[in-house]
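Visitor: I should like to understand how the labels attached to this model are justified. Please take me through them one at a time.

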Amino acid sequence: MERQKKKNILFVSYNKFLYMMRLCILAVGIMMICVIFIDTKAAEESRYDESGNYQYVMNQDNTVTIIRYVGQGKNELKIPETIAGKNVTAIADSTFASNEELGSITIPASIISIGRRAFCEILNLKRINVSVDNPVYAEIDGVLFEKKTRKLMVYPRAKAGSDYTVPEGIESIDEEAFYKNENLKNIIIPDTVKMIGARAFYHSQDLESITLPAGLTSIEEYTFYECGKLQNIEIPRNVTKIGDYAFSKCGSLYQVMGSFKADIGEEAF
């Protein structure tokens, strides 16, 4: 009798388990259908401007976000202030990333939002221009900055010159700001800078020396990854963290200086 009860209990438990598994599979299926529906709907709502150079979407406030640049054969590009009679206010993530033709880009006054990696890894980009009437962004000598946060956002990959000093008063350097830079050998960062984003100098293979700001507290992951000519570095004393692979594959790095106590990530050196 007792054995029969145990069998019944096991049978009920197994049925409950099967029921829960079916519910989980059903839930996953519904989620996948929703994702496909959302992606399809987004694709249906995107369109191209009259020139065929820009793929864009309409925002709820009746403005335009450019989500992809598909133009060809242009060296100097002026981003339009309006598309289809609507103000262009935003540039989405990676919109111009990895373009191989553009040498200069001009941002109009209407743009008030720029996504991550929007201008990253543009092979021949030498300068970024910004309308003087733009309320959010500015350029200094062809380098893109955000006004309110005092952030250096993008240093063009092919900008001429081997030496660069970040302007005094800048407080942060964005992720991938100098990503794969081809010309810079020496960089000076003023003490006003308190934060440098991950991968900021990733694969800047000609970089030989850099002066880090005294107030820096963290060197994020991959910050100087594959900076093959970087020879020495002085770590500020306030640094308490050196992220994963921060100086990994820096084949010429022979001297690390500074009196600092930091948590050191995986293969940081």
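**Sheets, rings and a pocket**

Guide: β18, β20 and β22 form, in that order, an open sheet of three strands with parallel pairing. Its edge strands are β18 and β22 (263-264), each of which pairs on one side only. The model is predicted, so local features need pLDDT of at least 70 and side-chain atom pairs count only at pLDDT 80 or more, while totals for chains, interfaces and linings use all residues. Residues are numbered from 1 along each chain as its sequence is written, and side-chain values use heavy atoms, with hydrogens and water left out.

Visitor: How do you know that β20 and β22 pair?

Guide: Strands are DSSP runs of E with at least two residues, numbered from the N terminus, and two strands pair if DSSP finds at least two bridges between them. β20 and β22 are joined in the parallel sense over two bridges, and therefore they count as paired. Within β22, D263 stands opposite K241.

Visitor: What makes β2 and β3 a pair, and in which sense do they run?

Guide: Five bridges join β2 (residues 54-58) to β3 (residues 64-69), so the requirement of at least two is met. The two strands run antiparallel, and Y56 stands opposite I66 in β3. Their hairpin has five residues between the strands, and N62 there takes a positive phi near 70°. β3 is also joined to β6 (residues 86-91) by three bridges, and these two run parallel; V64 has V88 as its bridge partner in β6.

Visitor: Why is the pair of F224 and F247 called stacked?

Guide: Rings of Phe, Tyr and Trp (its six-membered ring) pair if their centres lie within 6.5 Å; planes under 30 degrees apart count as stacked, over 60 as edge-to-face and the rest as tilted. By this rule the count comes to 15 aromatic pairs. F224 and F247 lie 5.1 Å centre to centre with 10° between the planes, and therefore the pair is stacked. The pair links distant parts of the chain, 23 residues apart: F224 is in the loop between β18 (218-219) and β19 (232-234), and F247 in the loop between β20 (241-242) and β21 (255-257). Both belong to a cluster linked by ring pairs, which includes Y155, Y164, F178, F201 and F269 as well.

Visitor: Are F224 and Y245 buried or exposed, and which label does E121 receive?

Guide: Buried means under 20% relative accessible area, exposed over 50%, and partly exposed in between (1.4 Å probe, protein chains only). F224 has 1% and is therefore buried; F247, also with 1%, is buried. Y245, in the loop between β20 and β21, counts as buried because its value is 18%. E121, in the loop between β8 (113-114) and β9 (127-130), has 22% and so is partly exposed. Phi is near 60° in E121 and near 60° in Y245, a positive value in a residue other than glycine.

Visitor: What makes R117 a charge over the ring of Y179?

Guide: The rule asks for NZ of Lys or CZ of Arg within 6 Å of the ring centre and within 35 degrees of the ring normal. The charged end of R117 is 5.6 Å from the centre of the Y179 ring, and it sits over that ring.

Conventions:
Helices (H or I, at least four residues) and strands (E, at least two) are DSSP runs, numbered from the N terminus.
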